[in-house]
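Here is a short briefing on the aromatic rings and the nonpolar interior of one protein model.

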Amino acid sequence: MQNSKQLELLNPAQSLINEHVIFMESLNKLSEALKFLDQECNDLPHSILQIAESTYFDMNEHLNIHFIKEEEIFFPLIEHIFPSGRAKFQFLHIDHDKLRLTFEQFSNLLQDIRSFGADNKLIIKLKDVSTEMIRLFYYHIVAEDTVYLEVAREKLPSDIAELAIKQMNELESRIREIN
């Protein structure tokens, strides 16, 4: 039996699912930490700030590359597997735009907290934006994993899978070289 890392080398859907696991692990930690913040909180505990910063770094490391791999390589290659695929994938592009915007809001709030310190207003806003970001990511990842990626993992022809993995790896290398 192959593990998920071995499958990732062979199957682009598994590669994307493995990246989702990284996002979900980080978001789960953030979700647990946010439970300790209440509406009257005037100080952001260092441990919670560290978890928020860790989530930022995990997401920032992979997010845009992940979205570009999906939008420009993977989705166009698997559209033929799904009836009316193009229209359905457009909704995933819209989700990606919402996720990018929410992540940007989360990033800006962390920047404000680093620059100005955390008062009650910023803490509540960070909790609200983080909660919305987590909700949107959970919804989106479940939708992709249980519908599109599962079907693609099973039905994607091996030649298309090999092409997708090659293109996704080349894209990631190019983007990481630039950054």
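**Aromatic rings and nonpolar cores**

Apart from neighbours within four places in sequence, F106 is in contact (heavy atoms within 4.5 Å) with L30, A52, T55, Y56, L126, V129, S130 and M133. The model is predicted: local features need pLDDT of at least 70, side-chain atom pairs count only at pLDDT 80 or more, and totals for chains, interfaces and linings use all residues. Residues are numbered from 1 along each chain as its sequence is written, and side-chain values use heavy atoms, leaving out hydrogens and water.

Nonpolar cores

- The largest nonpolar core (buried Ala, Val, Leu, Ile, Met, Phe, Trp, Tyr and Cys residues joined through side-chain atoms within 4.5 Å) has 30 residues, and L44, F106 and F137 have the most contacts inside it.
- Nine residues, the largest share of this core, come from α5.
- A separate second core has 22 residues, among them L16, F74, I78 and I81.

Aromatic pairs

- The whole structure has five aromatic pairs, meaning Phe, Tyr or Trp (six-membered) rings with centres within 6.5 Å; planes under 30 degrees apart are stacked, over 60 edge-to-face and the rest tilted.
- F23 and F137 are a tilted pair, because their planes lie at 50 degrees, with ring centres 6.2 Å apart.
- Both F23 and F137 are buried (under 20% relative accessible area; exposed is over 50%, partly exposed in between; 1.4 Å probe, protein chains only).
- F103 and F106 also form a tilted pair, at 6.2 Å centre to centre and 35 degrees between the planes, and both are buried.
- Y56, F57, F103 and F106 are linked into a cluster by ring pairs.

Terms used: Helix = DSSP H or I, 4+ residues; strand = E, 2+ residues; numbered from the N terminus.
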